[in-house]
Amino acid sequence: MTDLRSAGVFALGDRVVNRVGYGAMQLAGPGVFGPPRDPKGALAVLREAVARGVNHIDTSDFYGPHVTNQLIREALHPYPDDLTIVTKVGAVRGPDASWNPAQSPAELAQAVRDNLRNLGVDVLDVVNLRVTGDVHAPSEGSIAARFAALAEIRDMGLIRHLGLSNVTAAQVDEARTIAPVVCVQNHYNLAHRGDDALIDDLADKAIAYVPFFPLGGFSPLQSSVLSSVAAQLGATPMQTALAWLLHRAPNVLVIAGTSSLAHLRENLGAAGLRLPSEMLATLNRVGRSE
Ligand SMILES: NC(=O)c1ccc[n+]([C@@H]2O[C@H](COP(=O)([O-])OP(=O)(O)OC[C@H]3O[C@@H](n4cnc5c(N)ncnc54)[C@H](OP(=O)(O)O)[C@@H]3O)[C@@H](O)[C@H]2O)c1
């Protein structure tokens, strides 16, 4: 079994996490809506993740809605002291499974209360403001009022640390004039590299970069180059894609999502993979060539 600490750790404020974590979104039902097809299997995935050393779980109360948080609570509460749960606010689900922005101060406060209740905690470790932008890509515009509203809730003692999701570099800079930002969660993977400059900039500022869709999201990455490098390594393509992220920069944390125990074990195995420089160079060309 891979020791997750072999991939290193990173500090989210005063919470130190292994760089290999777990994203809980895939545990909800189809379309991230409603209960899981296999509730016992979902609980088993969460318990196995923590048993194998995961101490960083990414979630949101709008997954389900409420479903992934309730599963996390059922599987893991009372939580181990070293477990950091990162949640996000800024949207609500419609009865038709739609994703709708909910970013007024009152809606953000309600989302924090929902997360506290469903996770069964008095204080949330880290809350990301999920900016709606262009769904999976950010768009420019001030986020000051929204972030200030969340910072006020933090000042009330209900949140330890704040992060951002789906944001531009200018929005990160703007938010940091209001309150400290410990992590940024944007769409990024081997084949989708629009945030290369942002990652390096955040590394200089000791801010974590946590890619969403690290394996390509709902349609996992497919690349002949990736498959060929993986075969040379004796690893799977998904492990290799995660190992590439871990090599990309020291502030990158991975939160691959899965509802499958076998995929979970496979993904955590990426922590032990070392990519020689020539393989890294080959993989670096994927985002440009495919
Ligand atoms: N901030 C945001 O806006 C935002 C957006 C999306 C996601 N997120 C967060 O980021 C996390 C990761 O993103 P994600 O789960 O959407 O995408 P992902 O990690 O890129 O990929 C998940 C998909 O890959 C499959 N998969 C996982 N491991 C695999 C393996 N070893 N082999 C083959 N297929 C595999 C999963 O299916 P199986 O279940 O069958 O394994 C699922 O279909 C989420 O869980 C969520 O916490 C945040």
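## Strands, sheet and ligand shell

Q: Which residue in β2 is the bridge partner of V9?
A: We're looking at a predicted model, where local features need pLDDT of at least 70, side-chain atom pairs count only at pLDDT 80 or more, and totals for chains, interfaces and linings use all residues. Residues are numbered from 1 along each chain as its sequence is written. Strand β1 (residues 9-12) runs antiparallel to strand β2 (residues 15-18), and four bridges join them. Look across from V9 in β1 and the partner in β2 is N18.

Q: In the hairpin of β1 and β2, which residue takes a positive phi?
A: There are two residues between the strands of this hairpin. One of the turn's backbone angles stands out, a positive phi near 60 degrees, and it belongs to G13.

Q: Along β1, which side chains point to one face and are buried?
A: Buried here means 20 or more other C-beta atoms within 10 Å of the residue's own (exposed is 12 or fewer, partly exposed in between), with C-beta atoms placed from the backbone. The side chains of β1 alternate, and V9 and A11 point to the other face and are not buried. That leaves F10 and L12.

Q: How many residues of β5 are buried?
A: Strand β5 (residues 84-89) is mostly covered. T84, V86 and K88 point one way, I85, T87 and V89 the other way, and all are buried. So much for an open face; the count is six of six.

Q: Which residue of β8 is the bridge partner of K88?
A: On one flank, strand β4 (residues 56-58) pairs with β5 in the parallel sense over three bridges, and D58 has V86 as its partner. Strand β8 (residues 124-130) also runs parallel to β5, with four bridges between them. There T87 partners V127, and the partner of K88 is N128.

Q: Which strands are the edge strands of the open sheet?
A: Seven strands form this open sheet, in the order β3-β4-β5-β8-β9-β10-β11, and the pairing is parallel (two strands pair if DSSP finds at least two bridges between them). An edge strand here pairs on one side only. That describes β3 (22-23) and β11 (208-209).

Q: Which elements do the buried residues of α2 pack against?
A: The buried residues of helix α2 (residues 67-76) are V67, T68, N69, L71 and I72. Contact means C-beta atoms, placed from the backbone, within 7 Å. Their partners are α1 (39-51), β4, β5 and α3 (105-119).

Q: What share of the contacts between residues at least 6 apart in sequence joins residues at least 24 apart?
A: The protein chain has eleven helices and eleven strands (DSSP runs numbered from the N terminus, H or I of at least four residues and E of at least two). Of its 290 residues, 47% count as buried. As for those contacts, the share is 74%.

Q: What radius of gyration does the protein chain have?
A: The C-alpha atoms fill a box of roughly 55 × 45 × 35 Å along the principal axes. A compact globule of 290 residues would come out near 19 Å (2.2 Å times the number of residues to the power 0.38, over C-alpha atoms). The chain's value agrees with that: 18 Å.

Q: Which helix gives the largest share of the shell around the ligand?
A: The shell takes in 28 residues (near means a C-beta atom, placed from the backbone, within 6 Å), and G23, M25, L215, G257 and T258 come nearest. The largest share is three residues, from helix α9 (residues 261-268).

Notes. Contact = placed C-beta atoms within 7 Å. Right-handed = clockwise from strand over helix to strand, strands pointing away.
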